[in-house]
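Please walk me through this structure, beginning with the surroundings of the bound ligand and then turning to the metal ions. I would like the account in connected prose.

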Amino acid sequence: MVKLKRSNLFALIAFLVVLGVGTYFSYVMREAEQQKQQFFLEEIVNSQAAAFERRLTRSLSATYILAQEVRRSGGDFKDFDKFAAEVIETLGGISNLQLVPKGVIEQIYPLPGNEKAIGHNILRDDVRSKEAWLALEARKLTLAGPFELIQGGIAVIGRTPVFLEKNGEEYFWGFTSCLIFLDDLLTATELDQLEAKGYDYELSRVHPDTKAVEVFAGTAHGELRHPVVKPIRVPNSEWTIRMSHPASFPIIFVLGTLISAIVATLFALLVQRIMREPERLRALVKNQTLQLEQLAFKDELTGLSNRRHFMEQLDQAIYNLSRSEKHLALICLDLDDFKRVNDSMGHEVGDNLLIEVAQRIRASVRQSDLVGRMGGDEFAVILRDINTSADVANIAVKLIESISQPIRLGRHDVVVGATMGITLAPEDGLDSAVLFRNADLAMYASKRNGKNQFSFFDTQMQTQAKQVMLLEEELRRALHKGEFSLALQPIISLADGQLEKFEALIRWQHPGRGELSPGSFIEVAESTGLIVPIGYWVVEAACEFIRQQVESGQQVKPVAINLSARQLRDELFARHVEEMLERLSIAPQFIEFELTETLLMENVELGKKLIQHLRRLGIRISIDDFGTGYSSLSQLKQFPVNTLKIDRGFVQDLQQNDSDRKIIEAITAMVHKLDIKVVAEGIETQAQFDFLKQAGCDYGQGFLFARPLTAERALSFAAVDRPFVVASSSSRGHHP
Ligand code: C2E
Ligand code: CA
Ligand code: CA
């Protein structure tokens, strides 16, 4: 054993104590700083995600504008090129616009380089026909890609389906499409600037077919260090952005303190210097944190609020509205001809112009109003505490006058105009996304009127919003007056053709428009919350149908009922259903609830809770529309369900699509291992039936067997004892 001298021992203890304390403090400070930095990094990533969503939405709104024109012209679109050129100029970030009547690309602007695409049927020949069908069926804007173009570059394409009316009947006219280059998106959202500052990022999505995570843009220096991850919401898909810090300083920080500690014990003489060192480091940290803070909330160039901060403030302002009598106005403002100045006089001049404009906007509004730069030459203003729209108009005039004063840039005087779109809350909407879309539409109207102008989001634009309100009104009345009914569609056992159960599908006997399918009202019911009472009505009606079966003396077949997102969030749902079953004396095993895959993946915890609760009651659960979301089977294991329904889309494409066949076979085999039954939806042909049966699907539902039936016909369907036989030859099954 080595004997230490007493003085050495002291030195050692002193050394260890200082080392310990120094390391501890360094650790605590580093943790605190890292947390702060992580917070700001999150803000930056949020801001980028918001920027992406905003930019994409704005460019994609071109498809709405084209769709509006198609509707206005009754499908006879004149001067497409001129119109498209204008839209592209106004909204920016668009590579080309297309008119696709009946799914066939008929017009493209600009055409050069895209000639080959003319005549192409996107519903039939296109590798991305799936998204086109999705758009058509969901009746809304759908995004496909990102994918590589034959002519080079990576792009996404958005498609809006257009429906027209003829003799009171609605028919599908075609799509309006918009192609957007990814590079343009990256530039517009300033991701490239962050990259220049040393931030690493990566954009990815889950590929809709392979379900593999696919990185489609990024700085690609290998794995990101401790990235912040945020979803980017894009129509019918989810992208993910990951971003990590530039090389950080905490390492130096730790080392610095550590070395200080060592030095402290060995050379007491340096005490003074060591005292100063942490100060210097702290100043460094503070400075860096401040910079990050700026980056997170402020637009670097102009010092105005950045997009994310602005959006947050807008949400807050909307929230505050509900507690006062006041109104607010959202103004979106684009500079006219900014691109011309920027291109001809250089970026530096362009930057100075933006700084000057920012100051002028700031000076034209009250201190309490918020001004933000949304990117490029796009500004936005929230005017708070507005009394009348005339006040807003006055401010808009002031803004135009102020901005269009000559601006001295170097040795030149430049004059730019500003075009504005204005929307008011609460009258035009109480949702930031809606307000922005309104303002964009209004802005577009201004530009069409010849720039350097402002327009309010007007009544014509509002008709659609009004229609929704009208529908809401009518839905309330329908519930009150009993205009709903249930259609019941048989679900058949594929092995022996026996009736297994029914799916309940709601119908609306509209006094003016005849029978309506849920496609035309469920979304509004959902967004207004009316789906909750309507949903209870459906459960009650299903119970009534079960009671009729019991009374007819035949074997009772269960009824499957669809649930939507809003109902999932209704905390009392399971309890109310329980009470209802008791009150009506219906055995719970005759009830099944269908929850879509997407719904469950978006509400995992709520979904699990509700499913567990319902299963405890003895109610069965099935997963609907399986294959349309992006979940994997392993993710689904967490939901204890009885049945899985393979989406109609897969069944439809069976004949043409080998991979769909393989997917169905794989799903069926795997799901059976979990003791879950498989239903194939939308079986329309004998060939589909034959394949699905052979692939091992347990049950089938579709027009081949029966369309949704009235309760009365459903009862007689159930009464037919003879199993539903579908021969493997071309002979058809019988329909009761
Ligand atoms: P879903 O749950 O996927 O229901 C199946 C839809 O496919 C039904 O349309 C049905 O009529 C249709 N269908 C069935 N077999 C075939 C076939 O062989 N070929 C084709 N092309 N279609 C077939 P429906 O009744 O218009 O319902 C549409 C959607 O509305 C349903 O989709 C469901 O998500 C929703 N829905 C219906 N009733 C209710 C309800 O009571 N509550 C809620 N929340 N949603 C409902
Ligand atoms: Ca369903
Ligand atoms: Ca379904």
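In this predicted model, ligand 1 is surrounded by 24 residues, of which the closest are Gln489, Arg507, Asp624, Glu684 and Phe703. By residue class, the shell around ligand 1 divides into 10 nonpolar, 7 polar and 7 charged residues. Three elements, β18 (499-510), α15 (531-552) and β22 (620-626), each supply at least two residues of this shell, and β18 gives the most, with 4 residues.

Several polar atoms of the protein lie beside ligand 1, and they belong both to the backbone and to a side chain. A polar backbone atom of Phe703 is 2.8 Å from an oxygen atom of ligand 1, while an oxygen atom of ligand 1 lies 3.0 Å from an N or O atom in the side chain of Asn562. At Ile506 the partner is a nitrogen atom of ligand 1, which is 3.2 Å from a polar backbone atom of that residue. Taken on its own, ligand 1 has 810 Å² of accessible area, and the protein covers 82% of it.

Asn562 leads on to the metal ions. The calcium ion (ligand 2) has as its protein donors Glu503 (OE), Asn562 (OD1), Glu594 (OE) and Asp624 (OD), which lie 2.1 to 2.3 Å from the ion. Along the sequence these donor residues follow the spacing E-x58-N-x31-E-x29-D. Because Glu503 lies in strand β18 and Asn562 in strand β20 (residues 559-562), this pair ties together parts that are 59 residues apart in sequence. Glu503 counts as buried, at 5% relative accessibility, whereas Asn562 is partly exposed, with a relative accessible area of 29%.

What surrounds Glu594, another donor to the calcium ion (ligand 2)? Glu594 has its place in strand β21 (residues 591-596) and is buried, with a relative accessible area of 1%. Beyond its neighbours within four places in sequence, Glu594 is in contact with residues that include Glu503, Asn562 and Asp624, each of them also a donor to the calcium ion (ligand 2). Lys645 is likewise among the contacts of Glu594, and the side chains of these two residues are joined by a polar contact of 2.6 Å.

Asp624 connects this site with a second one, since this residue coordinates both the calcium ion (ligand 2) and the calcium ion (ligand 3), which are 3.8 Å apart. Asp624 is buried, with a relative accessible area of 5%, and is also one of the closest residues to ligand 1. The calcium ion (ligand 3) is coordinated by Asp624 (OD), by Asp625 (OD) and twice by Glu681 (OE), at 2.0 to 2.7 Å. The donor residues of the calcium ion (ligand 3) are spaced D-D-x55-E in sequence. Asp625, in contrast to the buried Asp624, is partly exposed, with a relative accessible area of 24%.

One further residue may be considered separately from the ligands. Asp315 is found in helix α8 (residues 307-321) and is partly exposed, with a relative accessible area of 41%. Asp315 and Ala433 are 118 residues apart in sequence, while in space their C-alpha atoms are 9.5 Å apart.

Conventions:
Residues are numbered from 1 along each chain as its sequence is written. Chains are lettered from A and ligands numbered from 1 in the order in which they are written. This is a predicted model: local features need pLDDT of at least 70, side-chain atom pairs count only at pLDDT 80 or more; totals for chains, interfaces and linings use all residues. Side-chain values use heavy atoms; hydrogens and water are left out. Donors are N, O and S atoms within 2.8 Å of the metal (3.2 Å for Na, K and Ca); water is not among the atoms, so sites may look incomplete. Buried means under 20% relative accessible area, exposed over 50%, partly exposed in between (1.4 Å probe, protein chains only). A polar contact is a pair of N or O atoms within 3.5 Å; within protein, one must be able to donate a hydrogen and the other to accept it, and residues adjacent in sequence count only if both atoms are side-chain atoms. Contact means heavy atoms within 4.5 Å. A residue is near a molecule or strand if one of its heavy atoms lies within 4 Å of it. Accessible areas come from the Shrake-Rupley method with a 1.4 Å probe; for residues, only the protein chains shown count as cover. Ala, Val, Leu, Ile, Met, Phe, Trp, Tyr, Cys and Pro count as nonpolar, Asp, Glu, Lys and Arg as charged, and the others, Gly among them, as polar.
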